[in-house]
Each structure stands twice: as C-alpha cells, then as structure tokens.
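Trainee: I'd like to go through this structure with you and ask why each label was given. Can we start once it's on the screen?

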Amino acid sequence: MVWFRRDLRTGDHPVLLAAAERTPRGLGLFVLDEELLRPSGPARSAFLYRCLRDLDEQLGGRLLVVRGDPVDVLPRVVRAVGAGSVHVSADFGPYGSARDDRVAEALDVEFVRTGSPYAVAPGRVVKSDGKPFKVFTPFSRAWADHGWRKPADTDASTLDWIDPADKDGGPRRVRIPDDPSVRAELPEAGERAALETWAEFRDERLGDYDHDRDRPGVDGSSRMSAYLRWGCVHPRTLLADLGPGTYRNELAWREFHADVLWHNPTAARKNYNPKFDAMRTDTDTDAEDNFDAWCRGETGYPIVDAGMRQLLAEGWMHNRVRMIVASFLVKDLHVPWWWGARHFMRHLVDGDLASNQLNWQWVAGSGTDAAPYFRVFNPTTQGEKFDPHGDYVRKYVPELRGCVGKKIHQPSGVPGYPDPIVDHAHERQVSLERYGQIK
Ligand code: FAD
C-alpha cells in the first residue's frame, strides 16, 4: 500500500520503487485527516482536492480516499485489502512525524519510509561538531556539498494499481470532496501542471530570475511553491536542471527551514529565540481592529494592501511583499507574528508550516538567522523601490488605478481608499523602544 501525503505525483517517486520491490501490485491511499484540513481555507482545500483528482486519474481512477484519523484508518484498510507493507515518504513536520510513529505502532505490517519531500532530508546535514546549523549560509554550503540523488525513474505504471472496490468487504471509498466555493483564482493543480510550469519558467524566465524575482509587478518568480508544497513535483526534479545560483539557493531556504523545524518543533508556535518572549506586543481590541484591516488589505499603505488582497485573490503572495506585510504587522501594528502566520496558513495554497512559521520569525526577529530587529521596513519606500511604476499596486487596489507612477505609494485623499491606519515613523520608534527593553 502506498499512502500518499505530501507527494501527490507518480514521477520521480522512490516510494513507488520501494513498494514495487516487494510486489508488483499496489493500492494507493490518501487519508482526509481533519487535523490537517481544519486550518485550511477554501483555496488551499480546493487546490488539494484538484491535486488528488489528478493523482486519481493517473492511477486509473483507483486512488482510495478515506476520511478519518490515520491511526484508525491505516490498520483497517491494511486488514481489508490484505496489504503486506505500507510505504510512505517520510514526514518531518511535528504533527506528521509523530502521527507516522503512532501509525507504525498500530500496524501489524511493516511501515516503510523512503525519501522525503526534500532533496536532503532534515537532520542529515549537521555542523562538524554534530550540532544543527542555525545560520543559513553555512547550512546551504554543507547542503550543496552533501548533494542529492538523481531523479528516480518512475511513473504510474511502476505499480499495478488495484481497485479497492474489487475486494469483498473492502474499505469504503469516499469521493474526493467537491471543491468548496472559492473566490481565489488558483493555478492549475497536479503533476502535469507542475512540470509544465517548471519547464516554462526554466526555459523562459530563469535567466532573468536574479533581477526580476524582487519585482512584484513582474512575473519573475517560478510560482512552484504550491507544487512543491503538495509534492506535485520533487525538488530533485528541479535541481537536476540547475547549477549553483540564486534559484538553487531559494530551494536551499526551503530545506533550511525544514531542518530548523525538525530540530526545534516548538518553533512552529513559539519564539525560536526565547529572548523575544519578553517582547511587548499589542492584543487589545484596537490591535484586533488593526489586524482585521491588515487582513482585508485596508491599512492605507498601498503595497501592504496590494499584497494582502493578492493573497485573498490568488492564494499566493509575492515573496518581497510577504516580507513587507509581515514586517508591517509585527513592527508597525505590534501584533504577535503568529496571528499573521495563522492568516497566511489559512489562505496560502503553498502554506507550509516550516517555511511559513520560520519566515515569519525571520521577519519578526525571533527566528534563526533573523533580520536584525532594528531594521524596520518602510512600507512606502519599499513600494517605491520594488514596484517603481506602481503596476503591482494598480493591479490589486482598484481605488488607486487613477494614480500615476510612483506617486501611487503616497496617495492622499483618494476617494474610497483609507488614510494610513498608523503613522509609520511613530510606530517604528515604538518598536525600537520595545526592542531596546529586551535586548
Ligand atoms: P521562487 O522565488 O520562484 O522560489 C523558488 C522556490 O524556492 C519556492 O517555490 C520555494 O519553495 C523556495 N523558496 C523561495 N524563498 C523561500 C523562503 N524564503 N523560504 C522558504 N522557501 C523559499 N514559502 C512557502 O513555500 N510556504 C509558505 O507558507 C511561506 N510562507 C512565507 C511567509 C513569509 C512571511 C515570508 C516572508 C515568506 C514565506 N514563504 C513561504 C517563502 C516565499 O515567499 C515563497 O516560497 C515564494 O514566494 C513562493 O513563490 P515562488 O514559487 O514563485 O518562489
């Protein structure tokens, strides 16, 4: 039995090879686990269901989808179909790894973990003294030196997929749920879309990535994050097309954050740097109102509002703007980073616990390798610098479409557009004073 989780594909999939070594016939399973579905908003859920439909099609309509707690579901299905072993790619997240230990214990057949969603599994790269890395650059060097395997040669025909409906008294199959109604315009889901998106980026835009990746108004990044999140493609497949360079470095960030979370599972909820536990944050009703305005994209700071509205419109936000809106929430509104992280996880189709929480902590200053707390992004000059013609803001904030060029970042008295909810220069001072108290 192959239990799919964050690996919704059949290409470059060593788990299929490990299963095929035991037997040519396999059953594909996905478990709809409430624990994982609950924090997802409609866009994330819809994207997942579409990926499942794509996988099901590849398996000839034979993917078994069951709702429930995997600790109950797995032993039940194994018994019903008479599976001899269960194969997964290892999960290194705090919930997933503990769940897998419990499932392995509940099974009376072997639970085989092969590979992971990463080129180099979390925990594999350590410093010469055996301790985990806390700083990205030396990690990325050691990670590149460690290297990774070539893509595995697999496809849907690596196993003969059995139809669970053929089994007498077999497990009851749940239909892949219908998509919840989504306002967000989502990218096409599934493995084929992932490979096409990659090929198009590699052939047409990778050459300009260094320059264009920081420009939210330009289609300069790869948009591979959701596919990597759900395993529609393995990072190894991308790395096989890449030499050293900026793009490979970005993939290394994804692996670094997974490594940090693996060594520090509490960093998903708590400050990585405990010094920040003493940092004063605002959580009163004014802060709640500010937070709501931030979520809606109505702060009166155009680049922040454009980003927050892009998140709702597309289930994705440009990386530069993620940094700007996160900095604004933490350092201008003084709201705890985890409020923002939770909102991101609900709406981002690529929402990934390790990348999300640790990037939030990086911006907040409480993470590894953190941006120095005293470096507070100015949302106006960030907008002017990275969206110099205002194209990005104009796309997502229709009220400002009449503003010309760079002036769009300092609108005043535009009908229908709010005045700034806070004064950046003042809030920056407040942040620095609070930081001074814990330094
Ligand atoms: P590209 O620029 O094309 O990068 C290629 C790939 O490299 C990405 O798909 C991603 O897998 C990886 N990558 C790039 N930058 C980072 C980074 N800083 N950290 C980790 N991986 C990176 N990324 C997520 O995948 N999931 C998240 O939940 C997430 N939350 C974030 C929250 C905040 C506050 C910030 C500042 C960043 C977050 N990121 C997250 C990182 C980054 O913004 C996205 O990976 C990127 O915008 C995805 O778009 P892309 O695929 O076009 O990126």
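**Labels and the cut-offs behind them**

Mentor: Let's begin with D391, which counts as partly exposed at 42% relative accessibility. Before going on, keep in mind that this is a predicted model, where local features need pLDDT of at least 70, side-chain atom pairs count only at pLDDT 80 or more, and totals for chains, interfaces and linings use all residues. Residues are numbered from 1 along each chain as its sequence is written, and side-chain values use heavy atoms, with hydrogens and water left out.

Trainee: What makes D391 partly exposed?

Mentor: Buried means under 20% relative accessible area, exposed means over 50%, and partly exposed is in between (1.4 Å probe, protein chains only). D391 has 42%, so the label is partly exposed.

Trainee: Why do the side chains of D391 and R394 count as a salt bridge?

Mentor: A salt bridge is a side-chain nitrogen of Lys or Arg within 4 Å of a carboxyl oxygen of Asp or Glu. For D391 and R394 the N to O distance is 3.4 Å, so the pair qualifies. The two are three residues apart in helix α18, which separates them by about one helical turn. Helices here are DSSP runs (H or I, at least four residues), as are strands (E, at least two), numbered from the N terminus.

Trainee: How do you know that R309 and E399 meet in a salt bridge?

Mentor: Their N to O distance is 2.9 Å, and the limit is 4 Å, so they pass. R309 lies in helix α13 (residues 302-314) and E399 in the loop between α18 (391-396) and α19 (424-438), so the pair ties together parts that are 90 residues apart in sequence. R309 is buried at 15% relative accessible area, whereas E399 is partly exposed at 25%.

Trainee: What about D100 and R99, buried or exposed?

Mentor: D100 is buried at 0% relative accessibility, and R99 is buried too, at 3%. Their side chains meet in a salt bridge, 3.1 Å from N to O. Both also belong to a network of salt bridges that links R5, D91, R99 and D100.

Trainee: Where does D91 sit?

Mentor: In the loop between β5 (85-88) and α5 (94-106). D91 has a relative accessible area of 17%, and the cut-off for buried is under 20%, so D91 gets that label. As for salt bridges overall, the structure holds 26.

Trainee: Why are D284, D286, E288, D289 and D292 called a negative surface patch?

Mentor: Asp and Glu count as negative and Lys and Arg as positive, while His and the chain ends are not counted. Patches are made of residues with over 30% relative accessible area and no salt bridge: like charges are joined within 9 Å, and nonpolar side chains (Val, Leu, Ile, Met, Phe, Trp, Tyr) within 5 Å. E288 shows how that works: its relative accessible area is 40%, so it clears the 30% mark. E288 is found in helix α12 (residues 285-296).

Trainee: How many disulfides are there?

Mentor: Zero. A disulfide is a covalent bond between the sulfur atoms of two cysteines. The rule used here asks for a pair of cysteine sulfur atoms within 2.5 Å.

Trainee: Why does C232 not make one with C51?

Mentor: C51 has the closest cysteine sulfur to that of C232, but it is 3.6 Å away, too far for a bond. C232 is buried, with a relative accessible area of 1%. Another cysteine, C403, is buried at 16%.

Trainee: What is odd about the phi of D12?

Mentor: D12 has a positive phi of about 45 degrees although it is not a glycine. D12 is in the loop between β1 (2-3) and α1 (14-22), and it is buried at 6% relative accessible area. H334 is another non-glycine residue with a positive phi, near 60 degrees. H334 lies in the loop between α14 and α15 (337-347) and is buried at 5%.

Trainee: What makes L329 buried?

Mentor: L329 has 0% relative accessibility, and buried means under 20%, so the label follows. L329 is in helix α14 (residues 319-332).

Trainee: And where is Y417?

Mentor: Y417 lies in the loop between α18 and α19. With 8% relative accessibility, Y417 counts as buried. The C-alpha atoms of Y417 and L400 are separated by 7.4 Å, with their positions 17 residues apart along the chain.
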